[in-house]
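Colleague: Please take a close look at the sheet and what surrounds it. Keep the terms clear for a first-year student.

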Amino acid sequence: MKKIILSLVALSLAAAALAGGNSGIKNIPENILNKAMSDYPNAKMEKAEAKDEDGKLTYEFKLEQGEAEVEVSYDKDGKLIKSEQDIAVKDLPEAVRNAVSTNYPGREMKAAVKKVEDNSVSYEVKLKYALFFTKKVYFDESGREIPEKLK
């Protein structure tokens, strides 16, 4: 029954995406669509495409989940390659919020992105420095700052 429901969701998603002009959906196998919809059941698909990167086939999705934008990539077997998802600053792990307060006192956190790649999670935090100046800083889940060149 679960397979039938996921298949119907994937087909509905495909039909909606095609109606919206997203023709890349036709190049996405059903198992990959099912995986994306299983991982992000409440998301609306904005874009889907198959890409050949260095001889490796990947499937990339741009989704909208409520107010948040999500970008996610899967390999040909449906394994997550990477994802980036907008999150509310209040949803950052406490260790990350504490590290920002300690390392950047007085700086306002304006936005946050949760990134998953190679089974590791990191966070991008956008800090306000002046009226029109912001800076992005990066942290792992424990609140350890990641140098920008290693992000």
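Modeller: What follows goes through the sheet, its helices and two of its loops. This is a predicted model: local features need pLDDT of at least 70, side-chain atom pairs count only at pLDDT 80 or more, and totals for chains, interfaces and linings use all residues. Residues are numbered from 1 along each chain as its sequence is written, and side-chain values use heavy atoms, without hydrogens and water.

Start with the sheet. Eight strands form an open sheet, in the order β1-β2-β3-β4-β5-β6-β7-β8, with antiparallel pairing. Helices (H or I, at least four residues) and strands (E, at least two) are DSSP runs, numbered from the N terminus. Two strands pair if DSSP finds at least two bridges between them. β1 (44-53) and β8 (145-146) are the edges; each has a single partner strand, so one side of each lacks a neighbour in the sheet.

Now one pair. β5 (residues 108-117) and β6 (residues 120-130) run antiparallel and are joined by nine bridges. M109 stands opposite L127 in β6.

Next, the helices. Helix α2 (residues 30-39) packs on the sheet and touches β1, β2 (56-65) and β3 (68-75). Contact means heavy atoms within 4.5 Å. Helix α3 (residues 94-103) lies across β5, β6, β7 (133-140) and β8.

Last, the loops. D54 lies in the loop between β1 and β2, and D118 in the loop between β5 and β6. Most residues other than glycine have a negative phi. Yet phi is positive at D54, near 55 degrees, and at D118, near 50 degrees. D54 counts as exposed (over 50% relative accessible area, 1.4 Å probe, protein chains only), at 82% relative accessibility. D118 is exposed too, at 67%.

How values were computed: Axes fitted to C-alpha atoms, helices over the stretch in contact; angles between N-to-C directions. Buried < 20%, exposed > 50% of the residue type's maximum accessible area, 1.4 Å probe, protein only.
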